[in-house]
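Got a protein chain in front of you and wondering how to read it? Let's go through it with some quick questions and answers.

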Amino acid sequence: MAREIMTVNGPITADQVTGVLIHEHVAFGYAGCQNIRSGFNKADCLAEAVKAAEMVKPYGINTFVDATPGDCGRDPLLLQEVAEKTGMNVIAITGYYHEAEGSHYFQYRMTQGCGEEEVYDMMMDEFTNGIGDTGVKPGIIKVSTGLGKISDYENMFLQAAARVSKELDVNIITHTQGGTMASEQAKRFIEAGVNPKRVMIGHLNNCTSIPELLKVFSYGVYAGFDRFGMPYEVVGTTDEEQYAAVLAMLGCGFGDRILFSHDLDVYGRGLWGNPPIHKTSDRTWGQIHNVTFPALAKYGVSEAQLEAFVKANAKNFLFG
């Protein structure tokens with residue numbers, strides 16, 4: 001039987017996917033943003049999501065992962081509307097953000113000695129029964145770790161995710177703060193028995209250490225260069241540094257395990273300015289095809305390899 005991935009509108013198979021943005025956000029905000037209605041114009045949010053989708057459809061992208069965690073404004077019914085209006089396959093995630101910027105409900109539960117079991121139960125329940133009372137099911141797990149260390153709280157999510165991934169054969173994508181702890185994430189997943197083909201370590205645009213990148217690949221996992229176009233103040237590396245890292249990994253023979261995306265919030269819930277929820281920037285989901293691909297092509301990267309970053313590689317990660 002062909003492998004399936006769950007979208008917000010039900011399962012899909014590989015033949016229904018042409019191209020994938022593996023880490024994007026329709027609407028992202030910090031814990032509590034769901035309770036703030038002022039400034040949120042749903043019609044505007046949907047219109048921006050449609051514009052983002054229409055920009056990449058001509059390039060063969062018909063699927064994206066909305067990597068918004070449960071404590072950062074995840075809205076499964078909104079994602080269903082985006083899927084309906086755009087015709088895109090939209091994949092939601094289960095999981096929470098890193099400790100410094102996420103919700104601490106499970107941190108308290110950890111002090112009671114039942115944190116990991118409750119995280120595991122929450123993930124399993126969402127895969128089995130859906131998110132809350134929406135009936136919308138996630139298709140992927142996302143876990144996150146902080147800057148320069150993995151806290152006990154964050155490790156609790158890594159270990160619960162590992163258990164769920166092994167039991168349900170579902171994929172895991174990650175957030176690495178500042179690109180740190182990337183190889184340590186991979187190491188912990190592999191030591192926990194996760195299939196490396198089901199893991200993508202994320203935000204490696206932030207990492208300029210070639211030894212660290214090589215260590216990530218040594219675990220057999222996929223690598224997400226999934227922040228193209230992000231401002232230097234956030235990503236901490238220049239475009240040229242990011243291109244150099246990709247070229248180095250291609251030169252080492254890892255071109256079939258690199259995935260590209262933007263990590264772009266179409267709408268930000270209370271992230272900047274006023275009103276508290278608005279379009280976050282002038283960046284678009286077209287950055288990869290309009291800027292990154294032409295830049296890498298000048299360094300001799302073939303069109304076939306460039307397309308693989310959002311097509312063949314992504315499909316192999318999801319369905320292989």
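What follows is a set of questions and answers on this predicted model.

Q: Which strand holds Val65?
A: Look for the strand that runs over residues 63-66, since Val65 has its place there. That strand is β4.

Q: Is Val65 buried or exposed?
A: Check the relative accessibility of Val65, which comes out at 0%. The cut-off for buried is under 20%. Because 0% falls under that cut-off, Val65 counts as buried.

Q: Which residues does Val65 touch, not counting residues up to four places away in sequence?
A: Start with a run of neighbours in the chain: Val65 touches Leu21, Ile22, His23 and Glu24, among others. The list goes on with some isoleucines, and these are Ile91, Ile93, Ile140 and Ile173.

Q: What separates the C-alpha atoms of Val65 and Ser261?
A: Along the chain, Val65 and Ser261 are 196 residues apart. In space, their C-alpha atoms are separated by 9.7 Å.

Q: What separates the C-alpha atoms of Phe40 and Val234?
A: Phe40 sits in the loop between β3 (20-29) and α1 (42-56). It counts as partly exposed because its relative accessibility is 24%. Phe40 and Val234 are 194 residues apart along the chain, and their C-alpha atoms are separated by 24 Å.

Q: Where does Arg74 lie, and is it buried or exposed?
A: Arg74 lies in the loop between β4 and α2 (76-86). Its relative accessibility is 13%, and buried means under 20%. So Arg74, loop residue or not, counts as buried.

Q: Which side chain makes a polar contact with the side chain of Arg74?
A: Arg74 touches several residues, including Thr68, Pro69, Thr94 and Ile131. One polar atom of its side chain lies 3.0 Å from the backbone oxygen of Ile93. The side-chain to side-chain polar contact, at 2.9 Å, is with Glu126.

Q: Which other side chain makes a polar contact with the side chain of Glu126?
A: Glu126 lies in helix α4 (residues 115-129), and it is buried, with a relative accessible area of 7%. It touches Arg74, Ile131, Lys137 and Pro138, among others. Besides the polar contact with Arg74, the side chain of Glu126 makes one at 2.6 Å with the side chain of Thr94.

Q: What is the phi of Asp169 near?
A: Find Asp169 in the loop between α5 (152-168) and β8 (171-176). It is partly exposed, with a relative accessible area of 34%. Most residues other than glycine have a negative phi. Asp169 has a positive one, near 60 degrees.

Q: Is His203, which also has a positive phi, buried or exposed?
A: His203 lies in the loop between β9 (199-201) and α7. Its phi is about 65 degrees, although it is not a glycine. With a relative accessible area of 0%, His203 is buried.

Q: How do α7 and α9 lie: parallel, antiparallel, perpendicular or oblique?
A: The axes of α7 (residues 210-218) and α9 (residues 239-251) come within 11 Å and cross at roughly 50 degrees. Roughly parallel needs an angle under 35 degrees, and roughly perpendicular needs 65 to 115. That angle makes α7 and α9 oblique.

Q: How many nonpolar residues does the contact of α7 with α9 have?
A: From α7 come Ile210, Leu213, Leu214 and Phe217, and they meet Ala245, Ala248 and Met249 in α9. By class, the contact has no polar and no charged residues, and its nonpolar count is seven.

Q: What is the handedness of the crossing of α5 and α6?
A: The axes of α5 and α6 (residues 182-191) come within 9 Å and cross at roughly 45 degrees. That makes α5 oblique to α6. The crossing of α5 and α6 is right-handed.

Q: How many charged residues does the contact of α5 with α6 have?
A: On the α5 side, Asn155, Leu158, Gln159 and Ala162 make the contact, and on the α6 side it is Gln185, Arg188 and Phe189. By class, there are three nonpolar and three polar residues, and the charged count is one.

Methods: Residues are numbered from 1 along each chain as its sequence is written. This is a predicted model: local features need pLDDT of at least 70, side-chain atom pairs count only at pLDDT 80 or more; totals for chains, interfaces and linings use all residues. Side-chain values use heavy atoms; hydrogens and water are left out. Axes are lines fitted to C-alpha atoms, for helices over the stretch in contact, and angles run from 0 to 180 degrees between N-to-C directions. Helices (H or I, at least four residues) and strands (E, at least two) are DSSP runs, numbered from the N terminus. Angles under 35 degrees count as roughly parallel, over 145 as roughly antiparallel, 65 to 115 as roughly perpendicular and the rest as oblique. Contact means heavy atoms within 4.5 Å. Ala, Val, Leu, Ile, Met, Phe, Trp, Tyr, Cys and Pro count as nonpolar, Asp, Glu, Lys and Arg as charged, and the others, Gly among them, as polar. Buried means under 20% relative accessible area, exposed over 50%, partly exposed in between (1.4 Å probe, protein chains only). A polar contact is a pair of N or O atoms within 3.5 Å; within protein, one must be able to donate a hydrogen and the other to accept it, and residues adjacent in sequence count only if both atoms are side-chain atoms. A crossing is left-handed if the near helix is turned anticlockwise from the far one by less than a right angle, and right-handed if clockwise.
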